[in-house]
Amino acid sequence: MSEKNIALEIKNLKVSYGAIQALKGIDLTVYEGDVVAILGANGAGKTTTLKKISGIIDGEDGFIKLYGQDITKMEPEKIARLGISMSPEGRAVFKDLTVEENLKAGAFTMKDREKIRKNFERVYRYFPVLEERKNQVSSTLSGGEQQMLAIGRALMSSPKVLLLDEPSLGLAPLIVQDIMKIVKEIKEEGTTVVIVEQNAAQTLKIADYGYVIELGKVSTHGKASVLADDPKLVEAYLGKH
Ligand SMILES: Nc1ncnc2c1ncn2[C@@H]1O[C@H](COP(=O)(O)OP(=O)(O)OP(=O)(O)O)[C@@H](O)[C@H]1O
Ligand SMILES: [Mg+2]
């Protein structure tokens, strides 16, 4: 068996918002090429974990390493340049910009025009509807299309590690399936993915490994296939089959 590289290593991560400690010491290991799911109830600390990895909020303790390099206290722009890119919660695209302008903005770390062209191709291959609507102002896209744009924009910087915060939130079941299929394709093309989802059952089907966060701590972790069969988890997060 070949040894996998560790893409992201997180140890004892603690983050507070004023008096509220949202992360109380999170440990998380993401192997290169995997899809890792982060599951948990509302307010558990999932978004906070992704935001801290991207560098857009500060932590109090612990460390984050990307391929062995300590990024814990780096500026978000530097972290983006090193290869971490996030599709934020809630379809956060630039609403006044067109689809194409949003995607271009996602390539802000890239200088190589040829690579940018290839990334446009890649995004339009995953989401043909975005190419059809490339000149459309993003505020006029449907919710699902905006979600696709948020993911597409995050891919424009050729990330090593793609962070997805609830990509399926509020989408119709068929579109959720499409998004999950595309996440799998993104992985198969070599991008490591960390995905936060409420839609636990479907996410565990495409994930390699999963973490459950409860009140700012990891309560359970394991292979996705094992978590999907854990009766306690099924009851708490996965709903009835
Ligand atoms: N900017 C903030 N100021 C104060 N408290 C915050 C802030 N952002 C998050 N929190 C608190 O931190 C905790 C974790 O929030 P977080 O957004 O990480 O949860 P989550 O797991 O992503 O939840 P959800 O599933 O609802 O998106 C919550 O108790 C939340 O109220
Ligand atoms: Mg969240």
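Let's start with contacts along the chain. Take contacts between residues at least 6 apart in sequence: 67% of them join residues at least 24 apart. Keep in mind that this is a predicted model.

Now the overall build. The chain has 10 helices and 10 strands. Its radius of gyration is 17 Å, close to the 18 Å that the globule rule gives for 241 residues, so the chain is as compact as a globular protein of that length. Along its principal axes, the C-alpha trace spans about 45 × 45 × 40 Å. Buried residues account for 43% of the 241.

Next, the inside. In soluble globular proteins, nonpolar side chains tend to be buried together. Here, the largest nonpolar core has 67 residues. Which residues have the most contacts inside this core? They are L163, V183 and I195. Helix α6, residues 143-155, gives the core its largest share, six residues.

Let's stay with L163. Leave aside its neighbours within four places in sequence. L163 then touches L50, I53 and S54. It is also in contact with I84, S85, M86 and S87. V194 completes that list of contacts. V194 turns up again in the strand pairing: L163 stands opposite V194 in β8.

That brings us to β8, residues 192-196. Is this strand mostly covered or mostly open? Mostly covered: five of its five residues are buried. In a regular strand the side chains alternate between the two faces of the sheet. In β8, T192, V194 and V196 lie on one side. V193 and I195 lie on the other. Both faces are covered. And I195, remember, is one of the residues with the most contacts in the core.

Which strands pair with β8? One of them is β7, residues 161-165, which runs parallel to β8 and is joined to it by five bridges. Another is β3, residues 35-39, also parallel, over four bridges. Two positions fix the β3 pairing in your mind. V35 has V193 as its bridge partner in β8. I38 stands opposite V196.

Now β3 itself. This strand is mostly covered too, with five of its five residues buried. V35, A37 and L39 point one way. V36 and I38 point the other way. β3 also pairs with β9, residues 209-214, again in the parallel sense, over four bridges. There, A37 has G210 as its bridge partner. To put the strands together: β3 pairs with β8 and with β9, while β8 also pairs with β7.

Last stop, ligand 1. What surrounds this ligand? The shell includes Y17, I20 and A22. Then come G40, N42, G43, A44 and G45. K46, T47, T48 and E89 complete the shell. By type, the shell residues divide into four nonpolar, six polar and two charged.

Where do these residues sit in the fold? Two elements, β2 (20-31) and α1 (46-54), each supply at least two of them. The largest share comes from α1, with three residues. L50, I53 and S54, from the contact list of L163, come back here: their numbers fall within α1, residues 46-54.

That's the tour: a buried strand β8, a buried strand β3 beside it, and a ligand shell with its largest share from α1.

Key. Residues numbered from 1 in each chain as written. Chains lettered and ligands numbered in written order. Predicted model: local features only at pLDDT ≥ 70, side-chain atom pairs only at ≥ 80, totals over all residues. Rg over C-alpha atoms; globule rule 2.2 N^0.38 Å. Buried ≥ 20, exposed ≤ 12 C-beta atoms within 10 Å, placed from the backbone. Contact = placed C-beta atoms within 7 Å. Near = placed C-beta within 6 Å. Nonpolar A, V, L, I, M, F, W, Y, C, P; charged D, E, K, R; others polar. Core = buried A, V, L, I, M, F, W, Y, C linked by C-beta atoms within 7 Å. Pairing = 2+ DSSP bridges.
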